[in-house]
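Here are some exercises to work through with the sequence and the model side by side. Try each task yourself before you read its solution.

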Amino acid sequence: MIYTWILLIFGLLPLGVLWLAVPWIIRRYRGSLVTIVILILLVSIPWEMIAVGRIWYYSPTVILGIKLLNLPIEEFAFFVIDGLLVGTLALWLNEKFHAQR
């Protein structure tokens, strides 16, 4: 359950604030953001499936217990939330600094 709170506080909350601050980025780059998330999932899920249980594990006391492909659902949420957060931030900064040239 702790992992869920970390995702909410340090992932979803900043993402929500950023999306409220720059809503046009979401509309303008919707396809790019979807592509970013898909690519992150395609790269990260196989790595996680190999690594979990061999290199690291998730304690049942810190996750909800819901698993998909033997991975905690929070891990999928992490990839999606952080992909959207970093993608939105990068697209906004690129647009902001590119426009200043």
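A salt bridge is a side-chain nitrogen of Lys or Arg within 4 Å of a carboxyl oxygen of Asp or Glu. Please keep in mind that this is a predicted model, in which local features need pLDDT of at least 70 and side-chain atom pairs count only at pLDDT 80 or more, while totals for chains, interfaces and linings use all residues. Residues are numbered from 1 along each chain as its sequence is written, and side-chain values use heavy atoms, with hydrogens and water left out.

**Exercise 1. Find the salt bridge and place its partners in the fold.**

Step 1: Searching the whole structure turns up one salt bridge. R28 pairs with E95, and their closest N and O atoms are 2.6 Å apart.

Step 2: Place the partners. R28 sits in helix α2 (residues 23-28) and E95 in helix α4, so the pair links parts of the chain that are 67 residues apart; helices here are DSSP runs of H or I with at least four residues, strands are runs of E with at least two, and both are numbered from the N terminus.

Step 3: Check the cover. E95 counts as buried because its relative accessibility is 19%, where buried means under 20% relative accessible area, exposed over 50% and partly exposed in between (1.4 Å probe, protein chains only).

Step 4: Recall the general background. Side chains of opposite charge can pair when their charged atoms come close.

**Exercise 2. Describe the overall architecture of the protein chain.**

Step 1: Count the elements. The protein chain has four helices and two strands, and they follow the pattern α-α-α-β-β-α along the sequence.

Step 2: Take the dimensions. The C-alpha trace spans about 50 × 25 × 20 Å along its principal axes.

Step 3: Look at burial. Of the 101 residues, 31% count as buried.

Step 4: Ask how the contacts are spread, a contact being heavy atoms within 4.5 Å. Among contacts between residues at least 6 apart in sequence, 75% join residues at least 24 apart.

**Exercise 3. Which residues make up the largest nonpolar core, and which helix gives the most to it?**

Step 1: Start from the term. A nonpolar core is a set of buried Ala, Val, Leu, Ile, Met, Phe, Trp, Tyr and Cys residues joined through side-chain atoms within 4.5 Å.

Step 2: List the members. The largest such core has nine residues: L15, L18, V22, I25, L33, V37, L84, L85 and L91.

Step 3: Assign them to helices. At least two residues of this core come from each of α1 (2-21), α3 (30-51) and α4 (73-99), and α4 gives the most, with three.

Step 4: Zoom in on one member. Leaving aside neighbours within four places in sequence, I25 is in contact with R30, T88, L91, W92 and E95.

Step 5: Look for a second core. Another one, of eight residues, lies apart from the largest; among its members are Y3, L7, I45 and I63.

**Exercise 4. Trace the surroundings of I63, E74 and T4.**

Step 1: Begin with I63, which lies in the loop between α3 and β1 (67-68). I63 counts as buried because its relative accessibility is 8%.

Step 2: List what I63 touches. Residues up to four places away in sequence are not counted, which leaves M1, Y3, Y58, P72 and E74. I63 and I2 are 61 residues apart in sequence, with 6.6 Å between their C-alpha atoms.

Step 3: Move on to E74 in helix α4. At 3% relative accessibility, E74 counts as buried. Again not counting residues up to four places away, E74 touches Y3, T4, L7, I63 and L64.

Step 4: Finish with T4 in helix α1. T4 counts as buried at 19% relative accessibility, and beyond its neighbours within four places in sequence T4 is in contact with L64 and E74.

**Exercise 5. What are the phi values of L69 and N70, and where do these residues lie?**

Step 1: Recall the background. Most residues other than glycine have a negative phi, and most peptide bonds are trans.

Step 2: Read the angles. Phi of L69 is positive, near 55°, and N70, which is not a glycine, has a positive phi of about 65°.

Step 3: Place them. L69 is in the loop between β1 and β2 (71-72), and N70 is found in the loop between β1 and β2.

Step 4: Compare their cover. L69 counts as partly exposed at 49% relative accessibility, whereas N70 counts as exposed at 55%.
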